[in-house]
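Here are some short exercises to work through with the structure open in front of you. Try each task yourself before you read the solution.

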Amino acid sequence: MLPEKYQSMNTQQMEQMGQFKITVWEEENFQGKRCEFMLECQNIMERGFNKIRSIKVENGPWVGYEYPEFQGQQFILEKGDYPRYEAWSGNSSYRTEHLLSFRPIKCANHSDSKVTLYECEDFQGRKFEVCDDYPSLQAMGWCSKEVPSIKINSGAWVAYQFPGYRGYQYILERDRHQGEYRNYNEYSTQAHTNQVQSIRRIQH
């Protein structure tokens, strides 16, 4: 017998749910209290956790957030093991031990991903189409350290504040905002600047 919360789902929803699985632990190195999820979690503290200190992504990708209700700094969580918080926030310029909510990224498609970067807000000015991973946008011909607006044509991407996939992470998805990020405030709730210097496709 299925748990009650799954009984109202149709077959397609059940199949989609099976594409995503994440296990979180309250202590480092996969110790202490643990819980498995196949759906989003808006606040891990409601499950009796004080914090998340290690993560295993069996099917993904997922995005983790610093605060409940999908707020604050974002962290990309692709398939693999994350034994300590540095494993998901280690390249960030602003390290935090907090990761209190998370959700699956449903539109990631590594083989079919396209994004358009714009020189000005609201998709104005010179544009630059990207279909591949770029550890340095400037090295590939983008003329600035800033990207004021972004349109996701397909797939899901993670943009980074600095070259080499470092600094703040911004998870940008085709199925959110209709794929349209008109200014840096829409990149993330913690975005303080339109500085974006590297970008890559999210692995699924």
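**Exercise 1.** Find where Asn194 sits in this predicted model, and decide whether Asn194 counts as buried or exposed.

*Solution.*
Step 1: Look between two strands. Asn194 lies in the loop that links β13 (180-181) and β14 (198-201).
Step 2: Check the accessibility. Asn194 has a relative accessibility of 13%, and the cut-off for buried is under 20%. So Asn194 counts as buried.
Step 3: Look for its contacts, skipping neighbours within four places in sequence. That leaves Lys145, Glu146, Val147, Pro148 and Tyr184 in contact with Asn194.

**Exercise 2.** Work out which residues Val57 faces in β1 and in β6.

*Solution.*
Step 1: Start with β1 (residues 21-27) and β3 (residues 54-59). These two run antiparallel and are joined by five bridges. Here Val57 of β3 stands opposite Ile22.
Step 2: Now go to β6 (residues 80-82). This strand is antiparallel to β3, with three bridges between them. The bridge partner of Val57 in β6 is Gly80.
Step 3: Put it together: Val57 has Ile22 opposite and Gly80 as its bridge partner in β6.
A handy bit of background: strands of a sheet pair through backbone hydrogen bonds, and they can do so parallel or antiparallel.

**Exercise 3.** Write down the strand order of the open sheet of four strands, then say which strands form its edges.

*Solution.*
Step 1: Trace the sheet across. The order reads β9-β8-β10-β13, and the pairing is antiparallel.
Step 2: Pick out the strands that pair on one side only. Those are β9 (124-130) and β13, the edge strands.
Step 3: Zoom in on the β13 edge. Strand β10 (residues 149-154) is joined to β13 by two bridges, and the two run antiparallel. Across this pair, Ile150 stands opposite Tyr181 in β13.

**Exercise 4.** Do the same for the open sheet of three strands, and find the bridge partner of Val158 in β14.

*Solution.*
Step 1: Read off the order, which is β12-β11-β14, again with antiparallel pairing.
Step 2: Name the edges. β12 (166-173) and β14 each pair on one side only.
Step 3: Note the twist, which averages 25° from one strand to the next.
Step 4: Follow β11 (residues 156-162) across to β14. Four bridges join these antiparallel strands, and Val158 has Arg200 as its bridge partner in β14.

Technical notes:
Residues are numbered from 1 along each chain as its sequence is written. This is a predicted model: local features need pLDDT of at least 70, side-chain atom pairs count only at pLDDT 80 or more; totals for chains, interfaces and linings use all residues. Side-chain values use heavy atoms; hydrogens and water are left out. Buried means under 20% relative accessible area, exposed over 50%, partly exposed in between (1.4 Å probe, protein chains only). Contact means heavy atoms within 4.5 Å. Two strands pair if DSSP finds at least two bridges between them. Axes are lines fitted to C-alpha atoms, for helices over the stretch in contact, and angles run from 0 to 180 degrees between N-to-C directions.
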